[in-house]
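This report describes selected features of one protein chain, from its strands and helices to its nonpolar cores and backbone geometry. The reader is invited to follow it alongside the sequence and the coordinates.

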Amino acid sequence: MEIEKKYMDLAKELHRNFPVADAHLDLAGELLFRVQNKERDPLRDHYLENLRAGGLNLVVSSVYLRDEELPEAGLRGALDQICVLLEEIDKNQEFELIRTAEDMERVIREDRIGILICMEGLDCIGRDLRLLRILWELGVRGASLTWSRRNALANGCCKAGQRIQIHGGLSPDGFLAVKEMERLGMFLDISHLNDDGFEDVCRTAKKPFAATHSNSRSVFFNYRNLSDEQMEKLAAREGMMGLNGCDCIAGCTEGGDPLELLCRHVEYEASVMGIDRIGYGFDFCDSYGEAEPRFRFSVSHGDCLGNHSHIQELTAALLQRGMPKENAKKLIGGNWVKYFKRMLPK
């Protein structure tokens, strides 16, 4: 998709002058890999330039555990990731850990980059819900019950490369986990949760929840994406949905222009949920593969945009297709800031 210069210039202006947020990045896990590879300052060396180029002020860092770490090494693996993330933030004044709404507002005011921690699945706690308090004290402010697999709390949907319906909702402990998260003040992320689990969350959750990195199932059929009915329920509860930039979730693997396809997701989601309920949650995966210790030739590429330095191209494409400037400001970060201002402790 060819973008006219005037729209690219406008997109750059918006990303420079207004808050920009990405609601999902596997930052903690990537940093752990890079520290294990003896890199000395990976947060600065591998992320700062691209984040600055994209105008980012807020990044939600997931804590994702691989299958081989579970169950025995799950808690240790999660703590290792959080520890490294905190150490890297401490070394770089451009970054700050977000614990409160005031932290977030200060970071935006000072044009720095805030990092908010979200557990991508609670496999690490098993059935011991008391550990949610420990995660909270370490700075975790959000969590999904599970990744795309079954654990003690819930059943995940299929993995992104599959298209099969997986049944089975929340366990009794899963219902209790939702209530405990809300008591503590954690936001609930339902990306990766299956359809039965989504309905269970709707029945038990009292606060707005989010799908930080999911797309429209109507635009591209994948059970990792949300149906129109789910999107309507999410919006009715004043929740949020973040646009996923992985090609197998957006549908870029089946041909077509990636920018045009991402625009279609955004435009359709806005038509179903309203512009105030959507944002960015790119889930860039290529950098995870590049950080993970492996033979270089085995790294695959699966991101529609590449990295954060390219996200203005999507904003520019949406502006060129007719999105009003005020709506673009909400999409790139304003909506997530409003959501987290409500959900984070004061």
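## A three-stranded sheet

The model is predicted. In it, two bridges connect strand 7 with strand 8 (residues 240–243), and these strands run parallel. One pairing can be located by residue: A211 has M241 of strand 8 as its bridge partner. The sheet to which these strands belong is open and has three strands, in the order 7-8-9, with parallel pairing. Strand 7 (210–211) and strand 9 (278–280) each have a single partner strand and stand at the edges, so one side of each has no neighbour in the sheet. In general, strands of a sheet pair through backbone hydrogen bonds, in either a parallel or an antiparallel manner.

Two helices lie across this sheet. Helix 11 (residues 258–273) lies across strand 8 and strand 9, and runs at about 170° to strand 8. Helix 14 (residues 325–343) lies across strand 7, strand 8 and strand 9, and its direction is at about 110° to strand 9.

## Packing around helix 13

Two packed helices are described by the angle between their axes and by the distance between those axes. Helix 13 (residues 311–320) packs against helix 14 at an angle of about 150°, and their axes are 10 Å apart. Angles over 145 degrees count as roughly antiparallel, and helix 13 and helix 14 are therefore roughly antiparallel to each other. Their crossing is right-handed. On the helix 13 side the contact involves T315, L318 and L319, which meet K325, A328, L331 and I332 of helix 14.

Helix 13 also meets helix 1 (residues 5–17): the two axes come within 8 Å and cross at roughly 120°. That angle makes helix 1 oblique to helix 13. This crossing, too, is right-handed. Helix 1 contributes Y7, M8, L10, A11, K12, L14 and H15 to the contact, while helix 13 contributes I311, Q312, E313, T315, A316, L319 and Q320. T315 and L319 thus appear in the contact with helix 14 and in the contact with helix 1.

## Nonpolar cores

The largest nonpolar core has 87 residues, of which M119, L122, L145, I190, F209 and L314 touch the most other members. Apart from it lies another core, of 19 residues, including A101, V107, C118 and M240.

What surrounds L122? Setting aside neighbours within four places in sequence, L122 is in contact with L132, L135, A143, S144, L145, T146, N151, L153 and M181. L145, one of these partners, is itself among the core residues that touch the most other members.

## Helix 2 and its cover

Helix 2 (residues 27–36) is mostly covered, with eight of its ten residues buried. The buried residues are L27, A28, G29, E30, L31, L32, F33 and R34. Their cover includes strand 1 (21–25), helix 3 (42–53), strand 2, helix 4, strand 4 (113–120) and helix 12. After helix 2 comes K38, which has a positive phi, near 75°.

## Backbone geometry and exposure in the loops

Most peptide bonds are trans, and most residues other than glycine have a negative phi. The peptide bond from L70 to P71 is cis, with omega near 0°. P71 lies in the loop between strand 2 (58–63) and helix 4 (74–91).

E238 and D283 are non-glycine residues with positive phi, near 65° for E238 and near 55° for D283. E238 is located in the loop between helix 9 (228–236) and strand 8, whereas D283 is in the loop between strand 9 and helix 12 (286–291). Are these residues buried or exposed? E238 is partly exposed, with a relative accessible area of 35%. D283 counts as buried, because its relative accessibility is 7% and the cut-off for buried is under 20%.

A further loop residue, Q93, lies between helix 4 and strand 3 (95–97). Q93 is exposed, with a relative accessible area of 71%. Its C-alpha atom is separated by 31 Å from that of F209, 116 residues apart along the chain.

Terms used. Residues are numbered from 1 along each chain as its sequence is written. This is a predicted model: local features need pLDDT of at least 70, side-chain atom pairs count only at pLDDT 80 or more; totals for chains, interfaces and linings use all residues. Side-chain values use heavy atoms; hydrogens and water are left out. Two strands pair if DSSP finds at least two bridges between them. Helices (H or I, at least four residues) and strands (E, at least two) are DSSP runs, numbered from the N terminus. Contact means heavy atoms within 4.5 Å. Axes are lines fitted to C-alpha atoms, for helices over the stretch in contact, and angles run from 0 to 180 degrees between N-to-C directions. Buried means under 20% relative accessible area, exposed over 50%, partly exposed in between (1.4 Å probe, protein chains only). A nonpolar core is a set of buried Ala, Val, Leu, Ile, Met, Phe, Trp, Tyr and Cys residues joined through side-chain atoms within 4.5 Å. Angles under 35 degrees count as roughly parallel, over 145 as roughly antiparallel, 65 to 115 as roughly perpendicular and the rest as oblique. A crossing is left-handed if the near helix is turned anticlockwise from the far one by less than a right angle, and right-handed if clockwise.
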